Amino acid sequence: MPVHDSRYAGWLVDSVRSGLVAIGADGAIAALNAAGHRVLGCAGADPAALIGRACREALAAQPVVVERLLEALDGAERPSRAELTLAPHGDRPALTIGYTIAAVRDAAGAVAGAVLQFRDLRDPWSEGSQPWGFNVERFIRRKSEETLWSGWSRAEGGLHKVSRAGHLE
């Protein structure tokens with residue numbers, strides 16, 4: 001499919017694993033991907049249904065995010081990396097995100113909107129997180145000795161299959 005296909009921009013936004021939300025100069029949601037929808041606890045079941053709605057309404061669960069987006073419409077340079085604590089939402093506790101925010105400019109350089117890209121910075125060891133797969137291998141050539149923390153077999157994917165690794169807890 002050619003990149004000039006009108007659907008390409010939507011596919012691009014949906015493919016980003018980080019959360020992404022953008023507003024137009026009028027403060028309406030211009031883009032929102034599934035990761036952003038989930039982490040921000042947006043109203044509505046579908047990110048696409050929020051396109052065109054006022055960000056104050058669509059992102060009501062996170063007023064500090066709304067303020068950051070609206071502030072970015074002034075076009076001033078913002079830090080390329082910052083942290084922000086999101087309000088608890090539903091059964092999810094407050095969490096910290098790392099984010100980058102920027103004004104979106106048109107071809108003439110005028111501010112056309114703002115975009116916020118972010119990642120959840122929760123401690124991977126916190127309750128409810130997935131265990132990390134980890135393995136250690138030692139090979140002593142002169143003895144033809146191989147030692148592993150968690151055993152493996154070539155038929156089961158070898159060391160490249162993380163699900164077969166030891167777990168750190």
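Is Gln 62 buried or exposed in this structure? With a relative accessible area of 1%, Gln 62 is buried, where buried means under 20% relative accessible area, exposed means over 50%, and partly exposed lies in between (1.4 Å probe, protein chains only). The model is a predicted one, in which local features need pLDDT of at least 70 and side-chain atom pairs count only at pLDDT 80 or more, while totals for chains, interfaces and linings use all residues. Residues are numbered from 1 along each chain as its sequence is written, and side-chain values use heavy atoms, with hydrogens and water left out.

Gln 62 is found in the loop between helix 3 and helix 4. Helices (H or I, at least four residues) and strands (E, at least two) are DSSP runs, numbered from the N terminus. When neighbours within four places in sequence are set aside, Gln 62 is in contact with Leu 40, Leu 86, Ala 87, His 89 and Arg 92; contact means heavy atoms within 4.5 Å.

We can turn next to the sheet. Its 5 strands form an open sheet in the order 2-1-5-4-3, with antiparallel pairing; two strands pair if DSSP finds at least two bridges between them. Strand 2 (29–32) and strand 3 (82–86) stand at the edges with a single partner strand each, so one side of each has no neighbour in the sheet. On average, neighbouring strands of this sheet are turned by 30° against each other, direction ignored; the axes behind such angles are lines fitted to C-alpha atoms, for helices over the stretch in contact, and angles run from 0 to 180 degrees between N-to-C directions.

Strand 1 (residues 19–24) runs antiparallel to strand 2, and 3 bridges join the two. Within this pair, Ala 22 stands opposite Ala 31, and Ile 23 stands opposite Ile 29. The two strands form a hairpin with 4 residues between them, and Gly 27 in the turn has a positive phi of about 85°. At the other pairings, 5 bridges join strand 3 to strand 4, with Leu 95 as the bridge partner of Leu 86. Strand 4 and strand 5 are joined by 9 bridges, one pairing being that of Ile 97 with Asp 120. Their hairpin has 5 residues between the strands, and Gly 109 there takes a positive phi near 95°.

In soluble globular proteins, nonpolar side chains tend to be buried together. Here the largest nonpolar core has 24 residues, and Leu 59 and Leu 69 have the most contacts inside it; such a core is a set of buried Ala, Val, Leu, Ile, Met, Phe, Trp, Tyr and Cys residues joined through side-chain atoms within 4.5 Å. Among the elements that give two or more residues to this core are strand 1, helix 2 (34–40), helix 4 and strand 5 (111–120). Leu 69 lies in helix 4 (residues 63–72) and counts as buried at 0% relative accessibility. Beyond four places in sequence, the contacts of Leu 69 include Val 21, Ile 23, Leu 59 and Ile 101. Its C-alpha atom is separated by 8.3 Å from that of Gly 27, although the two residues are 42 apart along the chain. Leu 59 has, among its contacts beyond four places in sequence, Val 21, Ile 29, Cys 42 and Leu 69.

Finally, the cysteines: Cys 42 is buried at a relative accessible area of 10%, and Cys 55 is buried at 1%. The structure holds 0 disulfides, a disulfide being a pair of cysteine sulfur atoms within 2.5 Å.
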